[in-house]
Amino acid sequence: MEQREIMQRGVGILTEALEMRRQLRENPDAEVMRSGAVSKLLEEMLPHIQLPADANAREVAEIVTEKLGPAIVHITSALAFAFVQLAEVHDAGRTDVSSADVLRSISLRYESGNER
């Protein structure tokens, strides 16, 4: 999965979380449906790992770290980038831009290939 798609999916997850929070604020007793976007992203990005039957704990840890590490770094980097963008707008005291606006802007930048 390309970094562009990871970023867009991460932004989608954050956007969904914002919407769920909004719904719960409006109606605290409501059942808020989750899309399963986080689970789906993890299923698609995390590789299946086969461990040797005779592997000891250290070997298992090394194999798991080697196989899962890159995907976890990509996902974490995308979410951290979005968080930093949101934090910068917040810290600047901008009231003319909502969190949803910031997330939409990030998604559009990655969709159009203007990641910088």
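Here are some friendly notes on how the helices of this predicted model pack, and on a few residues worth a look in your viewer.

1. **α1 against α3.** Let's start with helix α1, which covers residues 3–26, and helix α3, which covers residues 57–91. Their axes lie 9 Å apart and the helices pack at an angle of about 55°. That angle makes α1 oblique to α3, since angles from 65 to 115 degrees would be needed for roughly perpendicular and under 35 for roughly parallel. The crossing of this pair is right-handed.

2. **Who meets whom in that pair.** On the α1 side, the contact is made by Gln3, Ile6, Met7, Gly10 and Leu14. Facing them from α3 are His74, Ile75, Ala78, Leu79, Phe81 and Ala82. By class, the residues of this contact come out as eight nonpolar and three polar, with no charged ones.

3. **Ala78, a place to zoom in.** Ala78 belongs to helix α3 and takes part in the contact with α1. With a relative accessible area of 1%, Ala78 is buried, because the cut-off for that label is under 20%. Setting aside residues up to four places away in sequence, Ala78 touches Gln3, Ile6 and Met7. The C-alpha atoms of Ala78 and Gln8 are separated by 8.5 Å, although the two residues are 70 apart along the chain.

4. **Leu79, next in the numbering.** Leu79 also sits in helix α3, but at 33% relative accessibility this residue counts as partly exposed. Its contacts, not counting residues up to four places away in sequence, are Gly10 and Leu14. Gln8 can serve as a reference here too: Leu79 and Gln8 are 71 residues apart in sequence, and their C-alpha atoms are 9.9 Å apart in space.

5. **α2 against α3.** Helix α2 spans residues 37–45. The axes of α2 and α3 come within 10 Å and cross at roughly 145°, and the crossing is right-handed. Leu41, Leu42 and Met45 of α2 make the contact with Ala71, His74 and Ile75 of α3. This contact has five nonpolar residues, one polar and no charged. If you are colouring by contact, note that His74 and Ile75 are also listed in the contact of α3 with α1.

6. **α3 against α4.** Helix α4 runs over residues 99–112. Here the packing angle is about 135°, with the axes 10 Å apart, and α3 and α4 are therefore oblique to each other. Once again, the crossing is right-handed. From α3 come Phe81, Ala82, Gln85, Leu86 and Val89, while α4 brings Ser99, Val102, Leu103, Ile106, Arg109 and Tyr110. The class split for this contact is eight nonpolar, two polar and one charged.

7. **The nonpolar core.** Which residues have the most contacts inside the largest nonpolar core? They are Met7, Val11, Leu41, Met45 and Ile106, in a core of 15 residues. Each of α1, α2, α3 and α4 supplies at least two residues of this core. The largest share comes from α3, with five residues.

8. **Met7 as a link between helices.** Met7 is one of the core residues with the most contacts. Leaving aside neighbours within four places in sequence, Met7 is in contact with Ala78, Phe81, Ile106 and Tyr110. Of these partners, Phe81 in α3 and Ile106 and Tyr110 in α4 are also part of the contact of α3 with α4.

9. **Val64, elsewhere on α3.** Val64 is found in helix α3 and, at 27% relative accessibility, counts as partly exposed. Not counting residues up to four places away in sequence, Val64 touches Ile49 and Gly69. Measuring C-alpha to C-alpha in your viewer, you should find Val64 and Gln50 9.2 Å apart, with their positions 14 residues apart in sequence.

10. **Arg34, in a loop.** Is Arg34 buried or exposed? Arg34 is exposed, with a relative accessible area of 68%, and lies in the loop between α1 and α2. Even so, Arg34 is in contact with Glu16 and Met20, leaving aside neighbours within four places in sequence. Arg34 and Met20 are 14 residues apart in sequence, and their C-alpha atoms are 8.1 Å apart in space.

Definitions and conventions
Residues numbered from 1 in each chain as written. Predicted model: local features only at pLDDT ≥ 70, side-chain atom pairs only at ≥ 80, totals over all residues. Heavy atoms only, no water. Axes fitted to C-alpha atoms, helices over the stretch in contact; angles between N-to-C directions. Helix = DSSP H or I, 4+ residues; strand = E, 2+ residues; numbered from the N terminus. Parallel < 35°, antiparallel > 145°, perpendicular 65-115°, else oblique. Left-handed = near helix turned anticlockwise from the far one by under 90°. Contact = heavy atoms within 4.5 Å. Nonpolar A, V, L, I, M, F, W, Y, C, P; charged D, E, K, R; others polar. Core = buried A, V, L, I, M, F, W, Y, C linked by side-chain atoms within 4.5 Å. Buried < 20%, exposed > 50% of the residue type's maximum accessible area, 1.4 Å probe, protein only.
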